[in-house]
Amino acid sequence: MSRPARFSLKRQLLIWLLLPQLVLWLMGGVLAFRVALAYAEKTIDQSLTQSVRSLSRQVKPMGSGLLIDFPRAARDIIEQDPDDRVAYMVSSPPGSFLLGNTKIPGRTPDLYSADNEPVLYEVVMDGKPMRVASIDLSFGDGFTDQRMRVQVAKSLVAQQRIARELVRDVLFPLLLLGAVLSVLVYEGVRRGLAPLERLEAQLANRNMASLSPIEMTQAPEEVHSLANTLNQLLTTLRRSLSQEKRFLNDAAHQLRTPLAGLISQTELAMQETDPDALQQRLTKVHTGAQRSAHLVHQLLSLARTEAEVSLVPVDAASLAREVAREWTRRALAAGVDLGYEGEDSVMVPADKLLLREVLSNLIDNALRYAGKGAVVTLRTTVRDGVCWLDVEDTGPGLSTEHLERVFERFWRASELPGGCGLGLSIVAEIARRHNGTATAQTTLPHGLTIRLELPLQG
């Protein structure tokens, strides 16, 4: 069986907080570079347009010829930066070199514009990309129509330099802010997870002997909720261990005496030679074994009542009639009149197995102690939104002092053999688990009634 993959919550938080930041920073860098290129290109286009218009104004038609007034100083200014190369060319007819510092390729046929309107395009000159502004002019004496083309080309080195400077000036501060933000995010994640680390440290030092609640003084609401949930679990575990310990102590205490008696009787039986005396010994062994079996059954029932129960709708009246029928043969053998009266159907939220255990315990007690000739009635009644399950007998009953102790564990009001003092304490525990109560009261003129009060099914 493969083990589930483990991951660090801190690592996951840092990845999901810092990785998008890095991706956005890179996307922002690319976008900023493209925007910078676009603005630099726009600046170059404006400069080229202005330059080509200025140069075209220096070319003046004279008759059928041209007067080009382009001072040496202007040429020196254009050509002064060797890295930011600027080329110019005047051709007439277009494409036939007339004046300039280099030959500039012409524009493609699809780039058409009217006279005196610049056209912008890119070419490659000497292996370097250049941006070109071209303008066509018409001149002549009216008899001949002549055309002239003025071109100014500028290297794109300046465009890339401007773009890099813009990106540097924008992204470097953002990178610095991103680094500061990353440090703040890391510190925030570390501080945010610190309560979980303290909680882990508290739990790591726990063992079965230290199940006290977890104390969280300064922690976020979510960690407090987690600590409260763990405290509820610890409380349940502590209660379960306490119940288990009490059950083991009770079982050890109560089983010690009957088992010692069984061992003693078997040892004496092994030494007997008289068949009648041996029969008496074996009878005592059998009686002790029955009492031990009954005690084990009651102890197991008690342990079952202390476990978690699942309540579902149960027809208490139908279940009471069924249990009464099951005990009819035992009642007849004991000389007791066992009967049922009350409602036909009463729905209550209950664990059917435990509720059956309650009724069986109550009927068993009544048959044991009511005496021969007594009447035992199992009754179901609905009063004030509550279901009453009564087991009433006409036996000798109990005194007021004994009524107050009847639900105590291992307490017995009778010395009759067979009981172990757990039956009614089991009844009280099951009633509590069903959000109800168990009470004992005297039946007039004599007898005892044990009443189980349970809420009705909503």
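Which residue just after H8 takes a positive phi? Gly 371 does, with a phi of about 95 degrees. We will come back to helix H8 soon, but let us begin with the whole protein.

What you see is a predicted model, in which local features need pLDDT of at least 70 and side-chain atom pairs count only at pLDDT 80 or more, while totals for chains, interfaces and linings use all residues. Residues are numbered from 1 along each chain as its sequence is written, and side-chain values use heavy atoms, with hydrogens and water left out.

The protein has ten helices and 14 strands; these are DSSP runs numbered from the N terminus, with helices (H or I) of at least four residues and strands (E) of at least two. Of its 458 residues, 35% count as buried. Here buried means under 20% relative accessible area, exposed means over 50%, and partly exposed lies in between (1.4 Å probe, protein chains only). The protein exposes about 27,500 Å², and carbon and sulfur atoms supply 58% of that area; accessible areas come from the Shrake-Rupley method with a 1.4 Å probe, and for residues only the protein chains shown count as cover.

Now to helix H8, which covers residues 352-369. Its 18 residues reach 26 Å from the first C-alpha to the last, close to the 26 Å expected at 1.5 Å a residue (the expected span is 1.5 Å times one less than the number of residues). Because 13 of the 18 residues are buried, H8 is largely enclosed by the rest of the structure. At its N-terminal end, Asp 351 acts as a cap, with a side-chain oxygen 3.1 Å from the backbone nitrogen of Leu 353.

Helix H8 also takes part in salt bridges. Side chains of opposite charge can pair when their charged atoms come close. The rule used here asks for a side-chain nitrogen of Lys or Arg within 4 Å of a carboxyl oxygen of Asp or Glu, and by this rule the count comes to 14. One of them joins Arg 356 to Glu 326, with the closest N and O atoms 2.8 Å apart. This pair links distant parts of the chain, Arg 356 being in helix H8 and Glu 326 in helix H6 (residues 316-326), 30 residues apart. Another is formed by Asp 364 and Arg 330, whose closest N and O atoms are 3.5 Å apart. Since Asp 364 lies in H8 and Arg 330 in helix H7 (residues 328-334), the pair ties together parts that are 34 residues apart in sequence. Asp 364 counts as buried at 6% relative accessibility, whereas Arg 330 is partly exposed at 46%.

Strands are joined in this way as well. Arg 379 forms a salt bridge with Glu 341, the closest N and O atoms being 2.7 Å apart. Arg 379 sits in strand E11 (residues 375-383) and Glu 341 in strand E9 (residues 337-342), 38 residues apart.

For a look at a buried residue, turn to Val 150 in strand E7 (residues 146-155). Its relative accessibility is 0%, so Val 150 counts as buried. Not counting residues up to four places away in sequence, Val 150 touches several others, among them Val 52, Leu 55, Met 89 and Ile 135; contact means heavy atoms within 4.5 Å.

Finally, Val 23 in helix H1 (residues 9-57) offers a contrasting case: Val 23 is partly exposed, with a relative accessible area of 39%.

Terms used
A polar contact is a pair of N or O atoms within 3.5 Å; within protein, one must be able to donate a hydrogen and the other to accept it, and residues adjacent in sequence count only if both atoms are side-chain atoms.
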